[in-house]
Amino acid sequence: MTHVVTEQCVHCKFAECVTYCPVACFREADTFLVIDPRECIDCGNCVEACPADAIYPEDELPEELAAALEWNARLADRLPLATSAVAPLAGGEQWNGRPGKWLSLPPEQAPRVPRTVESGSART
Ligand code: F3S
């Protein structure tokens, strides 16, 4: 199993998760992080650390966010390692909780099965 970063990280990138991760599993894009499923040890520290509630254990991933599994694995292959020196995005708080953030990504960074804006992404 792995833990999975989802859409709510996009444009927030608060970077708290990296400081609580005991292994090197986070990879960094310009506006978000993903988890390398080959490195994740399922400690779960990052779930509580994320102010955007963006991270789920694989087996608790909501159906509307299922594309995140492939998204994390694919992008982890091509992105550089994120270190504890990752800087939070300026203005990230303004994006926190907004729906449809995956749709704002360029095609090469988007999930293969983009979710719709209408399906929502907020944790209830
Ligand atoms: Fe993203 Fe949350 Fe980490 S917003 S960078 S998964 S703390």
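The following exchange goes through the core, the ligand shell and the charged contacts of this predicted model.

Colleague: Which element gives the most to the largest nonpolar core?

Modeller: The largest nonpolar core has 38 residues, and those with the most contacts inside it are Phe-26, Phe-32, Ile-35, Ile-55, Trp-71 and Trp-102. At least two residues of this core come from each of β1 (3–5), α1 (16–20), β3 (33–35), α2 (45–49), β4 (55–57) and α3 (67–76). The element that gives the most, with five residues, is α3.

Colleague: How many residues of the shell around the ligand are charged?

Modeller: Around the ligand stand Cys-9, Lys-13, Phe-14, Ala-15, Glu-16, Cys-17, Leu-33, Cys-50, Pro-51, Ala-52 and Ile-55. When the residues of this shell are divided by type, nine are nonpolar and none is polar, and the number of charged residues is two.

Colleague: Which residue forms a salt bridge with Lys-13?

Modeller: Lys-13 is among the residues that surround the ligand, and its place is in the loop between β1 and α1. Lys-13 counts as buried because its relative accessibility is 5%, a value under the 20% limit. The salt bridge, with its closest N and O atoms 2.8 Å apart, links Lys-13 to Glu-28. This pair joins distant parts of the chain, 15 residues apart, and the element that holds Glu-28 is strand β2 (residues 26–28), so for the partner, partly exposed at 24% relative accessibility, the name is Glu-28.

Colleague: What is the phi of Lys-13, and which other residue has a positive value without being a glycine?

Modeller: Lys-13 is not a glycine, yet its phi is positive, at about 45°. The other residue lies in the loop between α2 and β4 and counts as partly exposed, at 38% relative accessibility. With a phi near 50°, that residue is Asp-53.

Colleague: Where does the side chain of Gln-8 reach the backbone oxygen of another residue, and at what distance?

Modeller: Gln-8 sits in the loop between β1 and α1, and with a relative accessible area of 5% this glutamine is buried. One polar contact of the Gln-8 side chain goes to the backbone nitrogen of Gly-97, at 3.0 Å. The backbone oxygen reached by Gln-8 belongs to Arg-98, and the distance is 2.8 Å.

Colleague: Is Asp-36, which meets Arg-38 in a salt bridge, buried or exposed?

Modeller: The side chains of Arg-38 and Asp-36 meet with an N to O distance of 3.0 Å, and both residues belong to a network of salt bridges that also links Arg-27 and Asp-77. Arg-38 has a relative accessible area of 57% and is therefore exposed. For Asp-36 the corresponding value is 2%, so this residue is buried.

Colleague: How many residues apart in sequence are the parts that Glu-70 and Arg-112 tie together?

Modeller: A search of the whole structure finds six salt bridges, one of which pairs Glu-70 with Arg-112, the closest N and O atoms being 3.1 Å apart. Glu-70 counts as partly exposed at 27% relative accessibility, whereas Arg-112 is exposed at 58%. Because Glu-70 lies in helix α3 and Arg-112 in the segment after α3, the separation of the parts that this pair ties together is 42 residues.

Definitions and conventions: Residues are numbered from 1 along each chain as its sequence is written. This is a predicted model: local features need pLDDT of at least 70, side-chain atom pairs count only at pLDDT 80 or more; totals for chains, interfaces and linings use all residues. Side-chain values use heavy atoms; hydrogens and water are left out. A nonpolar core is a set of buried Ala, Val, Leu, Ile, Met, Phe, Trp, Tyr and Cys residues joined through side-chain atoms within 4.5 Å. Buried means under 20% relative accessible area, exposed over 50%, partly exposed in between (1.4 Å probe, protein chains only). Helices (H or I, at least four residues) and strands (E, at least two) are DSSP runs, numbered from the N terminus. A residue is near a molecule or strand if one of its heavy atoms lies within 4 Å of it. Ala, Val, Leu, Ile, Met, Phe, Trp, Tyr, Cys and Pro count as nonpolar, Asp, Glu, Lys and Arg as charged, and the others, Gly among them, as polar. A polar contact is a pair of N or O atoms within 3.5 Å; within protein, one must be able to donate a hydrogen and the other to accept it, and residues adjacent in sequence count only if both atoms are side-chain atoms. A salt bridge is a side-chain nitrogen of Lys or Arg within 4 Å of a carboxyl oxygen of Asp or Glu.
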